[in-house]
Amino acid sequence: MKIAFIGGGNMATALIAGLAGKLTSGANIHVVDPNADALARLHHQFSVSTSPTIDGAIAAADVVVLAVKPQQMREVAAALQPHLARQLVLSIAAGIRAADLARWLGGYAAIVRTMPNTPALIGMGITGMVATAGVSGEQRAAADSIMRAVGQTVWLDDEALIDPVTAVSGSGPAYVFFFIEAMQKAAEEMGLSAEQGRQLALATFAGAAQLAVQSPEPVTVLRERVTSKGGTTYAAITSMEQSGVAAAIGAAMQAAAARGRELGEQLGRD
Ligand SMILES: NC(=O)C1=CN([C@@H]2O[C@H](COP(=O)(O)OP(=O)(O)OC[C@H]3O[C@@H](n4cnc5c(N)ncnc54)[C@H](O)[C@@H]3O)[C@@H](O)[C@H]2O)C=CC1
Ligand SMILES: O=C(O)[C@@H]1CCC=N1
């Protein structure tokens, strides 16, 4: 499968790292980005071919992944349009609605809209996906195999659910890193070294996440099992409840989903 990426930034790099040598070789991956440093890095790491602007290489691709910022999508779509004939267009942009993208591509119908996340870099991503009516069964399977090469996939029937997916798993790695940062900072404030705090916090996250994945029991039961009545965890969870941590997480996720909808409305307006 030949895959072209328009945009070679953070998320494209995570996808290429997961894909190269797995689903396809770097030689079958082409990356377009005006940033020469980004192209040099990707070429050096994964032996992908590169170009600073959209060129003839796009015609040879089976799948064109749109990995630019939402604000750049319209301009990129206009430049891409003359090069499209039979390729599947796979967008990873937050907010941008498939119908607006199809319009900017001059009515091009073969579009899969997705929301991946950066753990794709180590093959542990998860991607929410929705196909438009113009996508063939073969193209849908191709999109699924690309994203499954870097993790799990969740197909959605309703495109509106991409914004909630963005709020959960697209932006989610940042919430986890934020929590780990806070734990590391508190560990240091309590006298542990930076390295000890890092080791303890990371092993706790990785261990607890794997336990939750592998356990047949819901996370509520797992949490209760750590929480002895009147013990240390009880003190910590009571403090979090008093601080409104669960409500704050809910509000943060609502804000992420709302921002996705807002981007779609703003950028799709004309
Ligand atoms: N970073 C993340 O965790 C996730 C990002 N996304 C989506 O992925 C997209 C890219 O995000 P990031 O990789 O984080 O951004 P980024 O800023 O790291 O990458 C964007 C890249 O596009 C390039 N670019 C700018 N104009 C271009 C043009 N005309 N043609 C080709 N390339 C051009 C830039 O030089 C840059 O390398 C966004 O739409 C975002 O919503 C989706 C899921 C997760
Ligand atoms: O923050 C963003 O807009 C992108 C989409 C999901 C993760 N990063």
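**View 1. Helices H7 and H8 cross with a right-handed turn.** A crossing counts as right-handed if the near helix is turned clockwise from the far one by less than a right angle, and as left-handed if anticlockwise. This is a predicted model, in which local features need pLDDT of at least 70 and side-chain atom pairs count only at pLDDT 80 or more, while totals for chains, interfaces and linings use all residues. Residues are numbered from 1 along each chain as its sequence is written, and chains are lettered from A and ligands numbered from 1 in the order in which they are written. H7 spans residues 172–189 and H8 spans residues 194–214. Helices (H or I, at least four residues) and strands (E, at least two) are DSSP runs, numbered from the N terminus. The two axes lie 8 Å apart, at an angle of about 140 degrees. That makes H7 oblique to H8. Axes are lines fitted to C-alpha atoms, for helices over the stretch in contact, and angles run from 0 to 180 degrees between N-to-C directions. Under 35 degrees counts as roughly parallel, over 145 as roughly antiparallel, 65 to 115 as roughly perpendicular and the rest as oblique.

**View 2. Residues of H7 meet residues of H8.** H7 brings Val176, Ile180, Met183, Gln184, Ala187 and Glu188 to the contact. Among the partners from H8 are Leu200, Leu202 and Phe205. Residues are in contact if their C-beta atoms, placed from the backbone, lie within 7 Å. Nine residues of this contact are nonpolar, three polar and two charged. Ala, Val, Leu, Ile, Met, Phe, Trp, Tyr, Cys and Pro count as nonpolar, Asp, Glu, Lys and Arg as charged, and the others, Gly among them, as polar.

**View 3. Helix H6 crosses helix H11.** H6 covers residues 162–170, and H11 covers residues 245–267. Their axes come within 8 Å and cross at roughly 135 degrees. That makes H6 oblique to H11. The crossing is right-handed. Asp163, Pro164, Thr166, Ala167 and Val168 of H6 make the contact with Met253, Ala256, Ala257, Gly260 and Arg261 of H11. By class, six of these residues are nonpolar, two polar and two charged.

**View 4. Ligand 1 has 26 residues around it.** A residue is near a molecule if its C-beta atom, placed from the backbone, lies within 6 Å of it. Gly7, Gly9, Met11, Ala93 and Ala94 come nearest. Helix H1 (residues 10–19) gives the most to this shell, with three residues. The shell holds 15 nonpolar, nine polar and two charged residues.

**View 5. UniProt lists a "binding site" in an unreviewed entry.** The listed residues include Ile6, Gly8, Asn10, Lys69 and Pro70. The full set is spread over 65 residues of sequence, yet clusters in space, with a largest C-alpha distance of 14.0 Å. Gly8 sits in the loop between strand S1 (3–6) and H1. UniProt positions follow the numbering used here, feature names are shortened, and annotations may be inferred rather than shown by experiment.

**View 6. Ala94, Thr166, Gly170 and Ser171 surround ligand 2.** One residue of this shell is nonpolar and three are polar. None is charged.

Key:
Two residues are in contact if their C-beta atoms, placed from the backbone, lie within 7 Å.
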